[in-house]
Each structure stands twice: as structure tokens, then as C-alpha cells.
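Colleague: I should be grateful for a close look at the interior of this model. Please begin with any enclosed space and work outward from there.

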Amino acid sequence: MSDMLVSLLELPNIEQLYQSLNQQGIRIQRAMAPDKRRIVNWVREHFGDGFSGECDVAFSHHPISCFLAVKEKHILGFACYDSTFPDFFGPTAVLESQRGLGLGKALLIRSLEAMRDSGYAYAIIGGVGPVDFYKKCVGATLIPNSTPGIYRDLLGPDSEVCTPK
């Protein structure tokens, strides 16, 4: 899978999406250290060891580089950045039952906003699955010759990292 490049200089304003999610009782929030085990275990249970390993690394940063979509203290989705490499967005995933609500877009843009606020002008989205999603949401473009990308030297199968269980 290829990597994509996205400019952080002109991210779309999605305040209305954030408000709509809030009205549904869904918050996009930064993960907190006391919840680390619960979050990493949740990611492992729903999306596999590869994603959970990267999520675990997000807790080593200050501030923590993981955002969650949460409703009534239940995790619906997550997004990390600066986990496998600096300036890389991902991994990210939303429960299949919660897709179509805009959670993926909200988690993506909230993470990219945090990256921009940390001083990045551009971000790399590593090992992209839904190319059209990233093009549509943030105008990301494919990086030529980026396949197999950063995951080429994994010890386990690629599908373990990039495909939900």
C-alpha cells in the first residue's frame, strides 16, 4: 500500500461536524495515560496486534498522540500520529457499526490539526487503505514509489497491520 502526502496549511473547517457529533453524545478527545491499557487492548481486540503496537507508542509522547471517538465512555474509533515514524498519521480505525457518521473524518482532521499545532506543515499518511477517503477529506495525494512503504520490514504479515480482525 502506498503512502500519501497532505498539506496541513489549509485543513478544512469541520466545526459543524464536531458540533453534530457532540449533539449525538460523541466526543473526539485526546487519550489519557490512565486509560492506556484499556485503549490499547480495545485496539488489539478490534483491529489487531499491529495497530495496537502503534497505538501503544502514541502513549510515549507528550501530549499523547492518540485521539478517540467516545460515546458514553465507550470507544467507537481511534486515530494516532507520530507512532511508527515522526510526521506520519496512522493508524486509525472506526468500529464497523459506527461507520458513516463522520467519525473517521473527525479523528483524521483532529489529529492533523494537532500535528499542525506541533509545527508540521505537511503530514504523511502511511500505508493507506482508503485512498479516495483521504483525497476527499483533506486533499491528500499519493507519494510516487512509496509501495511497500514503511511497513515493508514487518516481521508479521502485512494484513495483520492494515486489516481489521
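Modeller: In this predicted model, the structure holds 1 cavity of 30 Å³ or more. The largest cavity encloses about 40 Å³ of space. Its lining is formed by E54, S83, T84, F85, F88, F89, G90, G126, I150 and Y151. Strand β5 provides the largest share of that lining, with 3 residues. Sorted by class, the lining of the largest cavity comprises 5 nonpolar, 4 polar and 1 charged residues.

One of these lining residues, F89, leads directly into the nonpolar interior. Not counting residues up to four places away in sequence, F89 touches A79, C80, Y81, L107, L108, S111, L112, M115, I124, I125, G126 and Y134. Among these contacts is G126, which also lines the largest cavity. The largest nonpolar core has 32 residues, of which V6, F89, L108, L112, I125, Y134 and V138 touch the most other members. Helix α4 contributes the largest share of this core, 8 residues. A second, separate core of 19 residues includes F51, L68, I75 and C80.

Helix α4 merits further attention through S111. This residue is found in α4, which spans residues 103-117. With a relative accessible area of 0%, S111 is buried, because a residue counts as buried when its relative accessible area is under 20%. Apart from its neighbours within four places in sequence, S111 is in contact with F67, A79, Y81 and F89.

L112, also among the residues that touch the most other members of the largest core, links the description to strand β6. A123 has its place in that strand, and at 0% relative accessibility A123 counts as buried. The C-alpha atoms of A123 and L112 are separated by 7.5 Å, although the two residues stand 11 residues apart along the chain. Leaving aside neighbours within four places in sequence, A123 is in contact with M4, L5, V6, L8, D87, L112 and M115.

Helix α5 supplies a further part of the picture. The buried residues of α5 (residues 131-138) are Y134, C137 and V138. These three cover an arc of only 75° around the axis, and therefore lie on the same side of α5. The face turned away from that buried side carries the exposed residues D132 and K136. On the buried side, the residues of α5 pack against β1 (4-7), β5 (88-94), α4 and β6 (122-125). Two of the buried residues named for α5, Y134 and V138, are listed with those that touch the most other members of the largest core. Just after α5, G139 takes a positive phi of about 65°.

Turning to open space, the second largest pocket holds about 170 Å³. R27, Q29, R30, A31, M32, D35, R38, I39, L68, V70, K73 and I75 line this pocket. At least two lining residues come from each of β2 (26-30), α2 (36-47) and β3 (66-71), and β2 gives the most, with 3 residues. By class, the lining of the second largest pocket has 6 nonpolar, 1 polar and 5 charged residues. L68 and I75 belong to this lining and are also included in the second core.

Definitions and conventions: Residues are numbered from 1 along each chain as its sequence is written. This is a predicted model: local features need pLDDT of at least 70, side-chain atom pairs count only at pLDDT 80 or more; totals for chains, interfaces and linings use all residues. Side-chain values use heavy atoms; hydrogens and water are left out. Helices (H or I, at least four residues) and strands (E, at least two) are DSSP runs, numbered from the N terminus. Buried means under 20% relative accessible area, exposed over 50%, partly exposed in between (1.4 Å probe, protein chains only). Contact means heavy atoms within 4.5 Å. A nonpolar core is a set of buried Ala, Val, Leu, Ile, Met, Phe, Trp, Tyr and Cys residues joined through side-chain atoms within 4.5 Å. On a 1 Å grid over the protein atoms alone, a cavity is a set of points where a 1.4 Å probe fits but cannot get out, and a pocket is an open set with protein on both sides within 12 Å along at least five of seven lines; lining residues have an atom within 4 Å of a point. Grid points are joined across faces, edges and corners, and a volume is the space filled by probe spheres set on the points. Ala, Val, Leu, Ile, Met, Phe, Trp, Tyr, Cys and Pro count as nonpolar, Asp, Glu, Lys and Arg as charged, and the others, Gly among them, as polar. The arc is that of the directions from the helix axis to the C-beta atoms.
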